[in-house]
Amino acid sequence: MAEPSAAHRAPLSVLPLSMVLRSLATTTVSSSPMLLSPSLAIMGVLAHSTNPLLNPDRNPILRWFLKNTFYAQFCAGENAAEVRQTIARLKGIGFTGVLLGYAKEVVLSDKQAENLASGKLGEETEELIKAEIAPWAEGTLETFTGAGSLALYRLQQRLPATPYLAKSIDTICSLAHERGVRLLFDAEQDILQDGIDDWTMHYAEKYNKDPDHAIIHGTYQAYKKCVPQVLAEHLVAARQGNFTLGVKLVRGAYLGSDPRNCFWDTKEQTDECYNSLASAVLTQQWSPMLPGEGEFPHASLVLATHNAESVRRARAICDAGAAKSEIAFAQLQGMADEVSCELVEASHSPEREAGTSAAMPTYKYLVWGTTGECMKYLLRRAHENKDAVQRTRSGRDAMWAELVRRCKAAVGL
């Protein structure tokens, strides 16, 4: 039987069988309320336990199990060699590249947020440099957030970075600029976001001088009511400062920890905000959702979404030749693989090879770190899936259909 051409190949056929089986298992769990709740409880214990038997980094049997299941599905590796192997494997599948993040992160409880303003957290001490800033900077430099209590305090108070912290961030930005790779500043909880935006814009103005490409990207969470106004203000600042605004557009990840009044009332409103902002930035046109006057500045868009409809809309703009901003698509490793693989197939279509179709650069986002370090990240992703049951069911059904297709192909059907 003849091998199907790339143009007619099933998108998920590019995935190895091991990844299909892991995806089917994880989406089956996350789409089932009966299985998901106890799984979240177990992951919560493993992520926060100080008991050696329940610590993945200290219990070799537990580490082996997690490393070959959940960790393998969502994470890049524990060291440089493993990360390189993962990157090579994903590029071999057809992805443009990867977005790497250091697994160390901090999610604040209400009490922790209140405590940030107390004591001497705002001062840079030798102890904090050695315990928090230096390990974060070294870990982040190796990947190419989690900078610790000092950074959190400065962000919450909207203060500039302290000297050593500022030097560390500048070193990271400089290396990204030197290598021509994107550096994405993640969004965080609402109490920190204004400070993060301040720092992001500072470094964007310094490093985003190429009108066709941005190095520094800020993250904009479309489920927040204030984001259209914030993005509009940043676009105006970019025009006035003569730099390209890097926009990583996401729906949002802190629904369970931020004040409810920050968000749109319905998912439909969030979807409308997301799609409208993506269209406006991609076509470089002001709109009712993104109001503004005068010339639209240079922009670069990373469309980070698992929503197939949002991807379809952006692809339609690109295929119609209406896209004026640089664009890249990104999905989390192990999630929405059916969406990612469709983009990979579109990037390698005969039309794309002939130059008659728009480029579809597609990336997978992964974190790296020890199994224990990654557990809090995996727990947060699992909680996100709890609020996206329909999407995970779609992923489960797509993986099941692909497994059935392969079984039929194996027997000549």
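**Exercise 1.** State which residues His-217 touches, leaving aside those up to four places away in sequence, and determine whether His-217 is buried or exposed.

*Solution.* Step 1: contact means heavy atoms within 4.5 Å. By this criterion, and not counting residues up to four places away in sequence, His-217 touches Arg-182, Leu-183, Leu-184, Phe-185, Thr-200, Gly-246, Val-247, Lys-248, Ser-300 and Val-302.

Step 2: the model is predicted, local features need pLDDT of at least 70, side-chain atom pairs count only at pLDDT 80 or more, and totals for chains, interfaces and linings use all residues. Residues are numbered from 1 along each chain as its sequence is written, and side-chain values use heavy atoms, with hydrogens and water left out.

Step 3: His-217 has a relative accessible area of 0% and is therefore buried (buried: under 20% relative accessible area; exposed: over 50%; partly exposed: in between; 1.4 Å probe, protein chains only).

Step 4: the side chains of His-217 and Ser-300 make a polar contact of 3.3 Å (a pair of N or O atoms within 3.5 Å; within protein, one must be able to donate a hydrogen and the other to accept it, and residues adjacent in sequence count only if both atoms are side-chain atoms).

**Exercise 2.** Give the order of the strands in the open sheet, and explain why E1 and E2 each have one side without a neighbour.

*Solution.* Step 1: helices (H or I, at least four residues) and strands (E, at least two) are DSSP runs, numbered from the N terminus. Two strands pair if DSSP finds at least two bridges between them.

Step 2: the seven strands follow the order E1-E7-E6-E5-E4-E3-E2, and their pairing is parallel. Strands E1 (97-102) and E2 (183-184) stand at the edges, each with a single partner strand, so one side of each lacks a neighbour in the sheet.

Step 3: E1 pairs with E7 (residues 362-368) in the parallel sense over six bridges. Tyr-102 has Trp-368 in E7 as its bridge partner.

**Exercise 3.** Locate Gln-331 and name the side chain that its own side chain joins in a polar contact.

*Solution.* Step 1: Gln-331 lies in strand E6 (residues 326-332).

Step 2: with a relative accessible area of 1%, Gln-331 is buried.

Step 3: a polar contact of 2.7 Å links the side chain of Gln-331 to that of Ser-340.

Step 4: not counting residues up to four places away in sequence, the residues that Gln-331 touches include Thr-305, Val-339, Ser-340 and Tyr-363.
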